[in-house]
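Please open the model in your viewer, with the sequence panel beside it, and keep the selection tool at hand. The tour below goes from one selection to the next and says what is found at each stop.

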Amino acid sequence: MPDTGNRRILAFDFGTRRIGVASGQELLGTGQPLAMIPARDGIPDWQQVEKLLAEWQPDIVVVGLPLNMDDTENDMCARARKFGKRLHGRYHVPVEMVDERLTSFEAKGDVMAAGGSRDFGRHGVDDRAAVLILETWCREQTGKPD
């Protein structure tokens, strides 16, 4: 595994209908959207997940944890944690959970500001939310504030 600070990262924005994926490098602290994997009640197409992991060979995987605004956990947190555990169990990659409060809200704002579609049901922002999760994790590693 590369030194801390120079790791390749895959980030996942877990959802019950779609799971957003982004890739990035810790050194740069930025990510780019990769994919939106369809999910059926939170269960992804594991072949697509495996293909992305094989292609990008991340040193670490980060999964968004959708905490409530008062820092409490909810049903989606339990499901996101389960997804992270499955990633670790199936593919033996280190997995870390990252507070992802408001990432989808911020991603939607970015899309609207750029003049994109407001039909988020059909045109999701999950991959963009995964970029924000990745960048949040990178900031936490360096101790830089938002």
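Two strands are said to pair if DSSP finds at least two bridges between them. Helices (H or I, at least four residues) and strands (E, at least two) are DSSP runs, numbered from the N terminus. This is a predicted model, in which local features need pLDDT of at least 70 and side-chain atom pairs count only at pLDDT 80 or more, while totals for chains, interfaces and linings use all residues. Residues are numbered from 1 along each chain as its sequence is written, and side-chain values use heavy atoms, with hydrogens and water left out.

**The whole chain**

Begin with the entire chain in cartoon view, where the secondary structure comes to four helices and six strands, and follow these elements from the N terminus in the order β-β-β-β-α-β-α-β-α-α. Of the 146 residues, 42% are buried, where buried means under 20% relative accessible area, exposed means over 50%, and partly exposed lies in between (1.4 Å probe, protein chains only).

**The sheet**

Next, select the six strands, which form an open sheet in the order E4-E3-E2-E1-E5-E6 with mixed pairing. E4 and strand E6 (95-99) stand at the edges, and because each has a single partner strand, one side of each is left without a neighbour in the sheet.

Now narrow the selection to E1 and E2, which pair in the antiparallel sense over six bridges and are joined by a hairpin through four residues. To find one of these bridges, pick Ile9, whose partner in E2 is Gly24. Moving on to E2 and E3, you will find antiparallel pairing over eight bridges, with Gly20 facing its bridge partner Met36 in E3. These two strands also form a hairpin with four residues between them, and Gly29 in its turn has a positive phi of about 75°. For a contrast in direction, select E1 and E5, which run parallel and are joined by four bridges; Leu10 has Val61 as its bridge partner in E5.

**Ser23 in strand E2**

Which residues does Ser23 touch, leaving aside those up to four places away in sequence? Select Ser23, which lies in strand E2 (residues 18-25), and display its contacts, a contact being heavy atoms within 4.5 Å. Beyond its sequence neighbours, Ser23 touches Ile9, Leu10, Thr30, Gly31, Gln32, Leu34, Trp56 and Leu134. Ser23 counts as buried because its relative accessible area is 2%, and E2 as a whole is mostly covered, with seven of its eight residues buried.

**Helix H1**

Select helix H1 (residues 46-56) and colour its buried residues, which are Trp46, Val49, Leu52 and Leu53. Seen down the axis of H1, these buried residues fall within an arc of 120°, so they line one face of the helix; the arc is that of the directions from the helix axis to the C-beta atoms. On the other side of H1, look for the exposed residues Gln47, Lys51 and Glu55. The buried residues pack against strand E1 (8-13), E2, strand E3 (30-40), strand E4 (43-44), strand E5 (60-65) and H2.

Both ends of this helix deserve a stop. At its start, a side-chain oxygen of Asp45 reaches to within 3.0 Å of the backbone nitrogen of Gln47, and just after H1, Gln57 takes a positive phi of about 40°.

**The nonpolar cores**

A nonpolar core is a set of buried Ala, Val, Leu, Ile, Met, Phe, Trp, Tyr and Cys residues joined through side-chain atoms within 4.5 Å. The largest such core has 19 residues, of which Phe12, Val49, Val61, Phe83 and Leu87 touch the most other members. The elements that give two or more residues to this core are E1, E2, E3, H1, E5 and H2. A second, separate core of nine residues includes Ile9, Ala11, Ile60 and Ile133.

Centre the view on Leu87, whose contacts, not counting residues up to four places away in sequence, include Phe12, Trp46, Val49 and Val61.

**His88 in helix H2**

Is His88 buried or partly exposed? Select this residue in helix H2 (residues 75-91): at 43% relative accessibility, His88 counts as partly exposed. Leaving out residues up to four places away in sequence, His88 touches Val93, Pro94 and Val95. As a last step, mark the C-alpha atoms of His88 and Val61, which are separated by 8.7 Å although the residues are 27 apart along the chain.

Methods: Polar contact = N/O pair within 3.5 Å; in protein donor to acceptor, adjacent residues only side chain to side chain.
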